[in-house]
Amino acid sequence: RTQAEMAHTCRGTINLSTAHIDTEDSCNIVLSNGGRTYHLKANSEVERQRWVTALELAKAKAIRMRNNQSDDSGDEEPASQSDKSELHGTLKTLSSKLEDLSTCNDLIAKHGAALQRSLSELENLKLPAESGEKIKAVNERATLFRITSNAMINACRDFLDLAETHSRKWQRALQYEREQRIRLEETIEQLAKQHNSLERACRGAPGLSSSSTGITSTAKGSVQSAKGEASDEDEETEYFDAMEDAPAFITVTADPKHHRRSGSNLSGASEGHPEDWNLEDSVFESSNQSSYNESTCKDLLPKKRRRTRIPDKPNYSLNLWSIMKNCIGKELSKIPMPVNFNEPLSMLQRLTEDLEYHELLDKAVKCESSTEQMCFVAAFSVSSYSTTVHRTAKPFNPLLGETYELDRLEEFGFRSLCEQVSHHPPAAAHHVYSKRGWTLWQEITIASKFRGKYLSIMPLGTIHLEFHSSGNHYVWRKVTSTVHNIIVGKLWIDQSGEIEIVNHKSKDKCQLKFTPYSYFSRDVPRKVTGVVSDADGKAHYVMSGTWDEKMECSKIVQSSHGSTGMEGKQKTVYQTLSPKVLWKKYPLPENAENMYFFSDLALTLNEPEERVAPTDSRLRPDQRLMESGRWDEANVEKQRLEEKQRAVRRRREAEAMEALEEGKDYEGYIPLWFERKVDAVTGELICIYKGGYWEAKDKQDWSTCPDIF
């Protein structure tokens, strides 16, 4: 398919150029791309092999087409107005020269034919033998001239056809550039009008006060599909999949001293003992203080002194327009970006940053009830977004084979390893082991799209968390992140969508809703609400808070059916006890605004360390130069690394084509520390840690690591 056709494919389509093709057994084929996996079954092993061969050939063809399109569209600098004028002049001159060439071709053919006739007439005359021989020699030379002229005429005709074809292609490209410029001008004009109208509305609107006594959340029965690939549709066209029993509820805080179930007029669809909230295990109680005091505890246990600041961010200007006008509709990972848009961390380090509030999982280990444990897992899933509220810069795209380790086994009981396992689409595998009783692993593919007004970042893939003692296995996906005001105004980030966390052992569920920001909404900005329920659908806890500040948990005492909302959906009224704070964001370090708004953990992520693998992100030269404030040198180094990676990719594609032509199997890039397996819980093809990294680190044997820097 061409790029234009791919923009209008039906849902469920897998792009073969970025797909992984694997075989499970003699008859089964696994086809995966990002978060979507298809299991295909053939009638026999012979038929399966025919399908695998056909799919590999189609994949190779799709890769060639993608490369040809990228070569056509390319990473060239956008043409200026003078370039377009020069292009117009060149086209006119070329057209004129082609007409002259065509005329000359006609004249050569005409005069050549006349010369041939004249020589034939001379040959027929009665002349001495010597003259006849000379005329015959001249006639032979004229014949050679005629053959050569005809060949030149044919070559000129081919050149003329080719030039006309390319001329039309250039005209289309020029027309496309004009349309893009006009569209951008209209977008900027529209944004300016909206900005002015919002300012007038803000000046004229009275102060809004929120005095509601409970949390209201109306479900719209829709959540953005996390399994699908990022859609290439227009920005107004978004597809949604309905989530089962999306919570529509109102919570009312009950007084445990005066609450009596017998005297309540609420139907006891779900009841609990209020006194249990104050007396049951101390995990919830301790979370109130520990979320505030954990940072203090970190200071009390300094196994190793780590840095608390990095060089201030330089104030470099950038011509944003020259880059943005050529980016609309393209995949973000294919756009050449200077480091001015980056922060000095890689995507692998940003993924590791999700562990900033790992102590929530340490507390979850101590929970005896799976529903209580679910509350801490839900709070942990929300806490990973707290660092993004001010972080509008883009992390570095990791190179294929790049790794990042975070060994905090002595300090906090866990060690983490990330590896970039795919480049197109960009995918990272992550594995974390904690000696305090849990293991986390994930493979995340980042799909991003620049829409003109905003940038959508859609993480595809599942996050797995397993507790060693109980065997509880939790699975969830990330929500969509949106960067607003790309062209006009101050950049800001929002998180929107829904997360469904499932305990595959007990079948408990937690559905969290990230409410998108609305200028005219009375809700608290960045609000997150949710309900924790057991396998029977009985609600036990209400989760509430904001993804940038804190999450609270309230135990449900009673539930009843309330009034019907405006959309015809009946709301459930939950009577709860006083909320407990499970998680609260750590304050940012001093001078954070000049250090890319990094948290205390983020400041240490790129700190140089000894004995790490030669592929570790800390050793990436362009990232290190940027952190030091040497941005011009960082841009040069970044281009060198990207060109080196492209050369390796071209060599690998050539090897794949050669193997296909010879009928041999070609495995492609094989991750060093991870291996692809079908997940037993979700049925998806996922990269899982196969071991060996920490043993190699102990021996300092990095002989298997590729040279990527």
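Is glutamine 700 buried, partly exposed or exposed? I open with this residue, in a model that is predicted. Glutamine 700 has a relative accessible area of 34%, so it counts as partly exposed. Glutamine 700 is found in the segment after α15. Its backbone also deserves attention: phi is positive, at about 55°, although the residue is not a glycine. In general, most residues other than glycine have a negative phi, and most peptide bonds are trans.

Allow me now to turn to the protein as a whole. The protein has 709 residues, of which 44% count as buried. There are 15 helices and 26 strands. If one takes the contacts between residues at least 6 apart in sequence, 63% of them join residues at least 24 apart.

Two further backbone features belong beside glutamine 700. Asparagine 591 has a positive phi, near 65°, and is likewise not a glycine. Asparagine 591 sits in the loop between β24 (580–584) and α12 (600–605). The other feature concerns a peptide bond: the one from histidine 424 to proline 425 is cis, with omega near 0°. Proline 425 belongs to the loop between β11 (414–422) and β12 (427–434).

I move next to the salt bridges. How many are there? The count comes to 35 salt bridges. I shall describe three pairs and one network.

The pair I take to begin with is aspartate 622 and arginine 620, whose closest N and O atoms are 2.8 Å apart. Are these two partners buried or exposed? Aspartate 622 has 0% relative accessibility and therefore counts as buried. Arginine 620, at 2% relative accessibility, counts as buried too.

The next pair is found within a helix. Glutamate 643 and arginine 646 form a salt bridge, with an N to O distance of 3.3 Å. Both residues belong to helix α14 (residues 631–661), where they are three residues apart, about one turn of the helix. Glutamate 643 counts as partly exposed because its relative accessibility is 37%. Arginine 646, with 29% relative accessibility, also counts as partly exposed.

Helix α14 takes part in the remaining pair as well. Here aspartate 707 meets lysine 644 in a salt bridge, and the closest N and O atoms are 3.4 Å apart. Aspartate 707 lies in the segment after α15 (693–699), whereas lysine 644 lies in helix α14, so this pair ties together parts that are 63 residues apart in sequence. At 63% relative accessibility aspartate 707 counts as exposed, while lysine 644, with a relative accessible area of 25%, is partly exposed.

Salt bridges may also share partners. In this way Arg306, Arg408, Glu411, Glu609, Asp616 and Arg618 are joined into one network.

Let us now look at a hairpin. Strand β20 (residues 527–533) pairs with β21 in the antiparallel sense, over seven bridges. One of the bridge partnerships links valine 532 to tyrosine 541 in β21. Five residues separate the two strands of the hairpin, and glycine 537, in the turn, has a positive phi of about 85°. Why is strand β21 described as largely enclosed by the rest of the structure? Six of the eight residues of β21 (residues 539–546) are buried, and the description follows from that.

Another residue to locate in the structure is threonine 462, in the loop between β14 (454–460) and β15 (463–467). With a relative accessible area of 3%, threonine 462 is buried. Its side chain makes a polar contact with the side chain of histidine 464, at 3.1 Å. Leaving aside residues up to four places away in sequence, threonine 462 touches Trp441, Gln442, Glu443, Val475, Trp476, Arg477, Glu684 and Ile686.

Trp476 leads us to the last topic, the cavities. The structure holds eight cavities of 30 Å³ or more. The largest contains about 90 Å³ of space. Which residues lie nearest the centre of this largest cavity? They are Asp354, Phe380, Ile463, Trp476 and Lys478, from a lining of 13 residues. Two elements, α10 (370–383) and β13 (438–450), give two or more residues to that lining.

To close, I would recall two residues in the segment after α15: glutamine 700, with its positive phi, and aspartate 707, the salt-bridge partner of lysine 644 in helix α14. Thank you for your attention.

Notes:
Residues are numbered from 1 along each chain as its sequence is written. This is a predicted model: local features need pLDDT of at least 70, side-chain atom pairs count only at pLDDT 80 or more; totals for chains, interfaces and linings use all residues. Side-chain values use heavy atoms; hydrogens and water are left out. A salt bridge is a side-chain nitrogen of Lys or Arg within 4 Å of a carboxyl oxygen of Asp or Glu. Buried means under 20% relative accessible area, exposed over 50%, partly exposed in between (1.4 Å probe, protein chains only). Helices (H or I, at least four residues) and strands (E, at least two) are DSSP runs, numbered from the N terminus. A polar contact is a pair of N or O atoms within 3.5 Å; within protein, one must be able to donate a hydrogen and the other to accept it, and residues adjacent in sequence count only if both atoms are side-chain atoms. Contact means heavy atoms within 4.5 Å. Two strands pair if DSSP finds at least two bridges between them. On a 1 Å grid over the protein atoms alone, a cavity is a set of points where a 1.4 Å probe fits but cannot get out, and a pocket is an open set with protein on both sides within 12 Å along at least five of seven lines; lining residues have an atom within 4 Å of a point. Grid points are joined across faces, edges and corners, and a volume is the space filled by probe spheres set on the points.
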